[in-house]
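Good morning, colleagues. I should like to take you through one structure today, beginning with its aromatic residues and then turning to its strands.

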Amino acid sequence: MFDMSNSIKFRFFLICCVPLLSGVTACSVKESRGDCPVYININFDEVIARGQYDEGFVAVDDRAPLLGEELRLREYELTGYEIPARRGPVRMAAAFDYESYSWHDDTLRVKEGAESSRLFVWSERAVCDDDLYFTAVSPFKQYCLMNVIIVGLLPGEDFAYDIRLKGNCNGMALYDRDPVEGDYTVVASHKNASGYEVVIPRQRENRIILELLEPNRDHIYTDSDIISVLDVGAAMEAGGYDWEKVNLDDVNVVVDFSRMQASIEVVPWNENEIDAII
């Protein structure tokens, strides 16, 4: 397991680079090209031009030991990131804003107790049989930002409770961009007196609940601290929220405290607004 919050001042290989490339050697023009490597060039210029990220994580799987590396993106502007690989089927992926995730084999998982960062991921599968293969990174939004708005309070009444969200997926298979099941439990952050927000990683389905809890500074709760449980997943299902969209939408949840009911509004994600949300 590699903790992806470590400093980017170094590059890392999950397996030593020597065995990774032992079967990928240079070829002369007289040799059969079938045993020669394909040089894969991954272009990050679109990501760099948007200006959101200084760093990224790239992974390549050519049926040999897996390579994963952290990059300073500006170092690859215009030239691209190039790597030799075995000819044939190759899987490629890149991730951005992955600080709350750890790397397990080919899966990213939110670290226990952490809130998901605002993850964007690109992936591609290709059959690379020529000497060169070029591709460009255009990442997709892998999280839902849930805004929780409390209404139904009495005049002058403050909402003095904690809100905890529970979901059923806490990871992502990087090359397929598929959610991976696992407990995801996080306490929502205060935005203002009656507003909260929480980031939810991509889920398989709308099995999501919000718990209203007696406040605890350390966020340590027992069952007796639970005041109410709201099935916001059912409301998201009824509202047509789609976890299979390539770029996930956001959602506003309005909680009527007087009735302990929740309603939702799906907020479509606009790629042109990326600067404001990252």
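**Aromatic pairs and strand pairing**

Tyr76 and Tyr81 are both buried. Please bear in mind throughout that this is a predicted model. These two tyrosines also form an aromatic pair, with 5.5 Å from centre to centre and 75° between the planes, in an edge-to-face arrangement.

How many aromatic pairs does the structure hold? The count is twelve. A pair of aromatic rings is described by the distance of the centres and the angle of the planes. Let me apply that description to a further example. The ring centres of Phe44 and Phe96 lie 6.3 Å apart and the planes meet at 75°; since planes over 60 degrees apart count as edge-to-face, this pair is therefore edge-to-face. Where in the chain do Phe44 and Phe96 lie? Phe44 belongs to the loop between β2 and α2 (45–50), whereas Phe96 belongs to strand β6, residues 88–96. With 52 residues separating them, the pair links distant parts of the chain. As to accessibility, Phe44 and Phe96 are both buried.

Aromatic residues also occur here in a larger grouping: Phe159, Tyr161, Tyr196 and Phe257 make up one aromatic cluster. A charge is involved elsewhere, for the charged end of Lys141 is placed over the ring of Tyr143, at 4.2 Å from the ring centre.

I turn now to the strands. Three of them form an open sheet in the order β5-β2-β10, and the pairing is mixed. Why is one side of β5 and of β10 left without a neighbour in the sheet? β5 (81–85) and β10 (132–136) stand at the edges, and each has a single partner strand, so one side of each remains unpaired in the sheet. From one strand to the next, the twist averages 20°.

Within this sheet, β2, which covers residues 38–43, runs parallel to β10 and is joined to it by five bridges. One residue of interest there is Ile42, whose bridge partner in β10 is Thr135.

The last element is a hairpin. Strand β7 (residues 101–104) pairs with strand β8 (residues 107–110) over four bridges, in the antiparallel sense. Which residue of β8 stands opposite His104? That residue is Thr107. Two residues lie between β7 and β8 in the hairpin, and in the turn Asp105 has a positive phi of about 55°.

Terms used:
Residues are numbered from 1 along each chain as its sequence is written. This is a predicted model: local features need pLDDT of at least 70, side-chain atom pairs count only at pLDDT 80 or more; totals for chains, interfaces and linings use all residues. Side-chain values use heavy atoms; hydrogens and water are left out. Two strands pair if DSSP finds at least two bridges between them. Axes are lines fitted to C-alpha atoms, for helices over the stretch in contact, and angles run from 0 to 180 degrees between N-to-C directions. Rings of Phe, Tyr and Trp (its six-membered ring) pair if their centres lie within 6.5 Å; planes under 30 degrees apart count as stacked, over 60 as edge-to-face and the rest as tilted. Buried means under 20% relative accessible area, exposed over 50%, partly exposed in between (1.4 Å probe, protein chains only). A charge sits over a ring if NZ of Lys or CZ of Arg is within 6 Å of the ring centre and within 35 degrees of the ring normal.
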